[in-house]
Amino acid sequence: MTDQIFESRVQSNVLQVRSPTTDWLSTGFDGGHHQADVAYNITVPAGWTETEITEYVDRRKADAGFDTAGPALLTGVDQRHARRAVLDPVEVIVTAGVSNPATLPPGSASETTADTATPFQPGTINIISGTTRALPDGALANLVAVVTEAKTATLLRLTGFSGTTSDAVIVGTDQTGEQAQFSGSSTPVGRAARGCVRDALTAALESRYETDAMPKSVDDADYGSATTVEATVSRL
């Protein structure tokens, strides 16, 4: 079995993943580059309406006994449903809920949205991925795309939609590790990341929907959204 990369702890529904000397790239609310020893995934309660997100996250971390700075993601999914997958130089941790799916139907599709009159209760697919390889900035940014593509392919196979309206990703690289120039899908890092995302996401969905029915389409979901606008296309 491949050794785990992250030291993970969950307290008060806050997940802290520790990976010293890591450069993180996040698409979350505090997105961008972070040099930090940790990253977080934080479960928010149903009906969550906080607008001062940074202050809220700091308070939740403090209440959970965590005082180390690092990027954070937010989710409506309980951390007991988090699942990890490890392969070669990559580890991935996923929480997955699909109460608010999003899809992209073909052009000229009719409007398709689920009922949004009730309070928003996000599901969200959050992915934290780290590698022991030292990646340059371009390869780290590309890893976001690799992880997202794997998430989309897995969801389309399992559910028929491509994501949710609030998905987010954090990827990390250990700059003290062995150098790797690229992270595409055929490289050791990209190949491992794709497999880890597929397997961790599948397991996370199985946990979250072990007793509840998982929506199979936007129409089945409580808070879904379909992108039906059409762009103007022309030659350059």
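1. A residue is called buried when its relative accessible area is under 20%, exposed when it is over 50%, and partly exposed in between. The points below apply these terms to charged side chains in what is a predicted model.

2. The pair E50 and R59 may be taken as a starting point. E50 has a relative accessibility of 34% and therefore counts as partly exposed. R59, at 39%, is also placed in the partly exposed class. These residues form a salt bridge, with their closest N and O atoms 3.4 Å apart.

3. How far apart are the closest N and O atoms of R80 and D78? The separation is 3.2 Å, and R80 and D78 form a salt bridge. R80 has a relative accessibility of 58%, so this residue counts as exposed. D78 has a relative accessible area of 25% and is partly exposed.

4. A further salt bridge joins the side chains of R198 and D199, at 2.7 Å from N to O. R198 is partly exposed because its relative accessibility is 41%. D199, with a relative accessibility of 42%, likewise counts as partly exposed.

5. As background to these contacts, side chains of opposite charge can pair when their charged atoms come close. The cut-off used here is a Lys or Arg side-chain nitrogen within 4 Å of a carboxyl oxygen of Asp or Glu. By this rule the model contains seven salt bridges. Among them are the pairing of E50 with R59, that of R80 with D78, and that of R198 with D199.

Key:
Residues are numbered from 1 along each chain as its sequence is written. This is a predicted model: local features need pLDDT of at least 70, side-chain atom pairs count only at pLDDT 80 or more; totals for chains, interfaces and linings use all residues. Side-chain values use heavy atoms; hydrogens and water are left out. Buried means under 20% relative accessible area, exposed over 50%, partly exposed in between (1.4 Å probe, protein chains only).
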